[in-house]
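The following paragraphs are meant to be read with the structure open beside them. They go from the sheets to the helices that lie against them, and end with a few details of the backbone.

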Amino acid sequence: MTSSASPARDVAATLCRYGLLIAAALALNATVAAQAQDVLKLAVGAAHNWENQPAALGQKAGIFKKHGLVLDLLFTQGSGETMQAIIAGSVDIGTGVGTYGAMSAFSKGAPVRAIGNATTGANDLYWYVRADSPIQSIRDAAGKTIAFSTVGSSTNVIVLGLMKEAGVPLRPTATGSPGNTLTAVMSGQIDIGWSSPPLGVEALEQGKIRLVARGSDVASLRDQTVRVIVANPNALAQKKDAIKRFMEAYDETVDWMYAEDKALQIYADEVKVSFAIAKRSRDEFYPKDNLRPNRLSGVNQAMADAIALKFLAAPLSKEQLDDFFQYQLPPTP
C-alpha cells in the first residue's frame, strides 16, 4: 500500500529539482553577464591631473560598466612610459600621450594610433615665481632661468613658445617634476618654475608663489590637440567594438565630470587635496571643451612644431595622417 506521504515527498522532490535548475540558471546568467563585460587594459600617465581622470572616475561611477567594460588601469610616470606600454602591446589604450611623441613613434613604424583627443591647448600648464620676485611677466624676465620638465616635453615646447611670444631671451632649464621644480624656485636656484594642477595650487592659494604665464599664452598651442588617447593597432583590430564603446563611455564620463560635484569630491580624495583646490583646478585650468575626446584641431601646426623640435623629419602625408588618426567618435573642429 502506498504511503499517504508519498505525494508530498514527490512534490518536495520536484520543487527541489526546480530549485536546483533555477539556481543553475542564475549561476549561468551571472557567468554570461560577467563574460559580457569586456576587459580593456589602460596605461594612464600623470594620474594626479584632472585631464587623465575620466577612466578612473568613470569606472567608479559605473559608466564604463554600463557600456559593458571593465578597465584594468596601469598608472605610469608619464607619456614616455605610457607609450612604451602601448608599443609593447602590454596595454590596449594609453591616455595623455603627447601628440608630437606619438607622431614621432608612428613615423618610425611603431604600433601606435591616435583614437581621441586627451587635451586641446595648454591651459593646464602654468609658470610661476616666488611671491617676493620682481618678475611680473615673461616680458620683464630677460636673462632669467625658466623651468621645463625634460627635453622635448610639452613644457619644453611651451617655454620656447613663451620666449618667442614675449620676444625676450631666457635661460630654459630642465628641472624634472613639479615637486622638484617648486623646491628649486623656493630655494632661489630657478627664477621661473612650472607646474600643473592640482600641484602648486595650494601654494598659489597661500600666496607663496605668483602665476606669471600659462601655456595658453602661446597662440599656436591654444587650439592645438597637444595630447591624445592612443591605442595599439592590434588591439584596435581585435577589440574594435570594445574600444569604440570605451570612447563613448569616456565622452559620457567627461560630461559627468563637469556636471556633478561628486566627481570632484572623488578626485579630491584620490589626489589628497581639498575640494576647493580640486574645484579651482578644474574650473580655472581645464575647460571642458579642451577635454572633448572627439576634438581634433591644429594638426598642421602640431607637425610644424614637431619638426622644429626634431620629433619629425618631415610632415606626415595625408595617407599617414589618415592611418595615424583613427578617432572612434566623429571628430569635430
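In what follows, contact means that heavy atoms come within 4.5 Å, and an angle between two elements is taken between their N-to-C directions, on a scale from 0 to 180 degrees. The model shown here is a predicted one.

A good place to begin is the sheet of five strands, which is open and has the order E2-E1-E3-E10-E4, with mixed pairing. Strand E2 (69-76) and strand E4 (113-120) stand at its edges with a single partner strand each, so one side of each is left without a neighbour in the sheet. From one strand to the next, the twist averages 25 degrees. Within this sheet, strand E3 (residues 93-98) and strand E10 (residues 225-231) run antiparallel to one another and are paired over four bridges, and Ile 93 has Ala 231 of E10 as its bridge partner. Helix H4 (residues 79-88) lies across strand E1 (38-45), E2, E3 and E10, and its direction is at about 140 degrees to that of E3.

A further open sheet is built from three strands in the order E8-E5-E9, and here the pairing is antiparallel. Its edge strands are strand E8 (193-195) and strand E9 (209-214), each of which pairs on one side only. Neighbouring strands of this sheet are turned against each other by 40 degrees on average, if direction is ignored. Strand E5 (residues 126-130) is joined to E9 by five bridges in the antiparallel sense, and the residue of E9 that serves as bridge partner to Tyr 126 is Arg 214. Helix H6 (residues 154-166) packs on this sheet and touches E5, E8 and E9, with a direction that makes about 70 degrees with that of E5. Helix H7 (residues 178-186) also lies across E5, E8 and E9, running at about 30 degrees to E5.

Arg 214 leads from this sheet to another part of the chain. What does its side chain meet in a salt bridge? The partner is Glu 284, with a distance of 2.8 Å from N to O. Because Arg 214 belongs to strand E9 and Glu 284 to helix H12, the pair ties together parts that are 70 residues apart in sequence. Side chains of opposite charge can pair in this way when their charged atoms come close, and the count of salt bridges in the model comes to 20.

Helix H12 (residues 275-285) has a helix partner as well, since its axis and that of helix H11 (residues 261-271) come within 9 Å and cross at roughly 115 degrees. That angle makes H11 roughly perpendicular to H12, and the crossing is right-handed. On the side of H11 the contact is made by Asp 261, Leu 264, Gln 265, Tyr 267 and Ala 268, and on the side of H12 by Phe 275, Ala 278, Lys 279 and Arg 282. Sorted by class, the residues of this contact are five nonpolar, one polar and three charged.

Two details of the backbone remain. Most residues other than glycine have a negative phi, and most peptide bonds are trans. Lys 272, in the loop between H11 and H12, has a positive phi of about 60 degrees although it is not a glycine. Pro 197 and Pro 198 are joined by a cis peptide bond, with omega at about 5 degrees, and Pro 198 lies in the loop between E8 and helix H8 (201-205).

Methods
Residues numbered from 1 in each chain as written. Predicted model: local features only at pLDDT ≥ 70, side-chain atom pairs only at ≥ 80, totals over all residues. Heavy atoms only, no water. Helix = DSSP H or I, 4+ residues; strand = E, 2+ residues; numbered from the N terminus. Parallel < 35°, antiparallel > 145°, perpendicular 65-115°, else oblique. Left-handed = near helix turned anticlockwise from the far one by under 90°. Nonpolar A, V, L, I, M, F, W, Y, C, P; charged D, E, K, R; others polar. Pairing = 2+ DSSP bridges. Salt bridge = Lys/Arg side-chain N within 4 Å of Asp/Glu carboxyl O.
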